[in-house]
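The paragraphs below go through a chain whose sequence and model are shown here. Please keep the structure open while reading.

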Amino acid sequence: MATEAQFVDAAAFDSAVQAVRSDADNTNWLIVGHADGAPEVLELQSSGADVEDVGPNLDNGQVQYVLARFEEAIDLSQTIKFVYIHWLGADVGFAVRGRYGVVEGSVAKQLAPYHLSIKTSTLDEISPEAINAEIGRQSGQISNVRETVETATGVPAGMPHGITAGKKIQPSVSLDGAAVGVADNIEDALAEVRNVESGINCVAVHYPDNNIKKGLEVLHIGSTGVAGLEPFFTDDCVVYAVLSVIDIVDEIPTVKFVQVKWVGDRVKPMAKAKIATQSGEISRILGTTHVSIMASLKREVTENAIMDKVMSASGSKKMTLA
């Protein structure tokens, strides 16, 4: 049985995805289903502007897939979050679900990247209210961004204050079912970048040897900003980073946090599919940020590109242009 699913009209699907991801388009969701019930054949079924309309367009007799766009408010800034929904209609039998399940990874890959993944047969779990609440939990909005953090003491030479040298991998329990191993010094590293007195403004974590089966470990921590991270953004690796930048809002320097999820173009498709299922858990691990960037091109993670997104989110860009 084929494990890859293809679209009857790939151009229509690509156009719909671009519309959902575009800031200039009012389309906020799309639904994909299987054409004529064939597991390996996909079709764009519907799309629209109001996420309240997603539920009424889901069918209990079908397996469907949704890409939806939501906005999360963080410190008066609006951050875009994408949600992937794997809908298993309540009337679809287990045997049929199994046939569709073979190609689900292929569908998820074509709808990636996204911040949150939900698999459900219940409309209550994917109401806008439920999804917004889950986005808040995943991003850490249940707690405010920390301005100062107490750090560990007794750190070995060569490690920034607050960062322990241990490399033990601890399992992270995922809310969306995709657990991620995490080295025990990552929490300290992320605390440092959020401590305004530490001088640290960038932290990057990765899968050692580009093996996503291994747990995440600290790749880099420093005070050189995005310039210090650029050498690690290569086309064959996955890197997650948190940056601290300064945004001038109403003539007041304001600390903003940026989350970068880098997935190089040469990362294998199966690895990309696995990474996509971990996206929500990675966001939870990295913590609350004002801006989230998913990138695979160097031009998307330059200092100018990042600050453009930060300023657009905060509104300071409009003030500068006024």
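In this predicted model, five strands make up an open sheet with mixed pairing, in the order β10-β9-β11-β12-β13. Its edges are β10 (217-222) and β13 (291-295), each of which pairs on one side only. From one strand to the next, the twist averages 20 degrees.

At the β10 edge, the neighbour is strand β9 (residues 202-206), and 5 bridges hold β9 and β10 in an antiparallel pair. Within this pair, Ala204 is placed opposite His220 of β10. At the other edge, β12 and β13 run parallel and are joined by 5 bridges. Lys261 has Met294 in β13 as its bridge partner. Although β13 is an edge strand, 4 of its 5 residues are buried, and the strand is mostly covered.

Two residues of β12 show what surrounds this strand. Gln259 belongs to β12, which covers residues 252-263. Is Gln259 buried or exposed, given a relative accessibility of 1%? Buried means under 20% relative accessible area, so Gln259, at 1%, counts as buried. Leaving aside residues up to four places away in sequence, Gln259 touches Ala241, Ser283, Leu286, Gly287, Thr289, Val291, Ser292 and Ile293. Of these contacts, Val291 lies 32 residues from Gln259 in sequence, while the two C-alpha atoms are 6.2 Å apart in space. Ser283 and Leu286, also touched by Gln259, are among the buried residues of α7.

Val263 is also found in β12. With residues up to four places away in sequence again left out, Val263 touches Cys237, Val238, Lys272, Ile275, Ala295 and Ser296. Cys237 is 26 residues from Val263 along the chain, and their C-alpha atoms are separated by 6.3 Å. Another contact of Val263 is Ile275, one of the buried residues of α7.

The helix α7 lies across β11 (238-249) and β12, and it runs at about 155 degrees to β12. How does the span of α7 compare with the 26 Å that its 18 residues should cover? The helix takes in residues 269-286, and its end C-alpha atoms are 24 Å apart, which agrees with the span expected at 1.5 Å a residue. Even so, α7 has a kink of about 50 degrees, centred on Ser279. Ser279 is itself buried, and the other buried residues of the helix include Ala271, Ala273, Ala276, Gln278, Gly280, Glu281, Ile282 and Ile285. Just after α7 comes Gly287, with a positive phi of about 90 degrees. Gly287 is also one of the residues that Gln259 touches.

A second helix can be read in the same terms. Helix α8 covers residues 303-314 and has 12 residues; from its first C-alpha to its last it reaches 16 Å, close to the 16 Å expected at 1.5 Å a residue. The buried residues in α8 are Ala305, Ile306, Met307, Val310 and Ser314. An α-helix has 3.6 residues a turn, so residues three or four places apart point the same way. Among the buried residues of α8 are Ile306 and Val310, as well as Met307. Just after α8, Gly315 takes a positive phi of about 90 degrees.

The N-terminal part of the chain holds further strand pairs. Strand β1 (residues 6-7) runs parallel to strand β3 (residues 41-48), and 2 bridges join them. Phe7 has Leu42 in β3 as its bridge partner. On the antiparallel side of the account, strand β2 (residues 29-34) is joined to β3 by 6 bridges, with Leu44 in β3 as the bridge partner of Val32. β2 and β3 form a hairpin with 6 residues between them, and in its turn Asp36 has a positive phi of about 55 degrees.

Some totals put these parts in the setting of the whole chain. There are 9 helices and 13 strands. Of the 322 residues in the chain, 49% are buried. Where contacts join residues at least 6 apart in sequence, 62% of them join residues at least 24 apart. The chain's accessible surface comes to about 15,200 Å², and carbon and sulfur atoms account for 51% of it.

Note on methods. Residues are numbered from 1 along each chain as its sequence is written. This is a predicted model: local features need pLDDT of at least 70, side-chain atom pairs count only at pLDDT 80 or more; totals for chains, interfaces and linings use all residues. Side-chain values use heavy atoms; hydrogens and water are left out. Two strands pair if DSSP finds at least two bridges between them. Buried means under 20% relative accessible area, exposed over 50%, partly exposed in between (1.4 Å probe, protein chains only). Contact means heavy atoms within 4.5 Å. Accessible areas come from the Shrake-Rupley method with a 1.4 Å probe; for residues, only the protein chains shown count as cover. The expected span of a helix is 1.5 Å times one less than its number of residues. The bend at a residue is the angle between axes fitted to the seven residues ending there and the seven starting there. Axes are lines fitted to C-alpha atoms, for helices over the stretch in contact, and angles run from 0 to 180 degrees between N-to-C directions.
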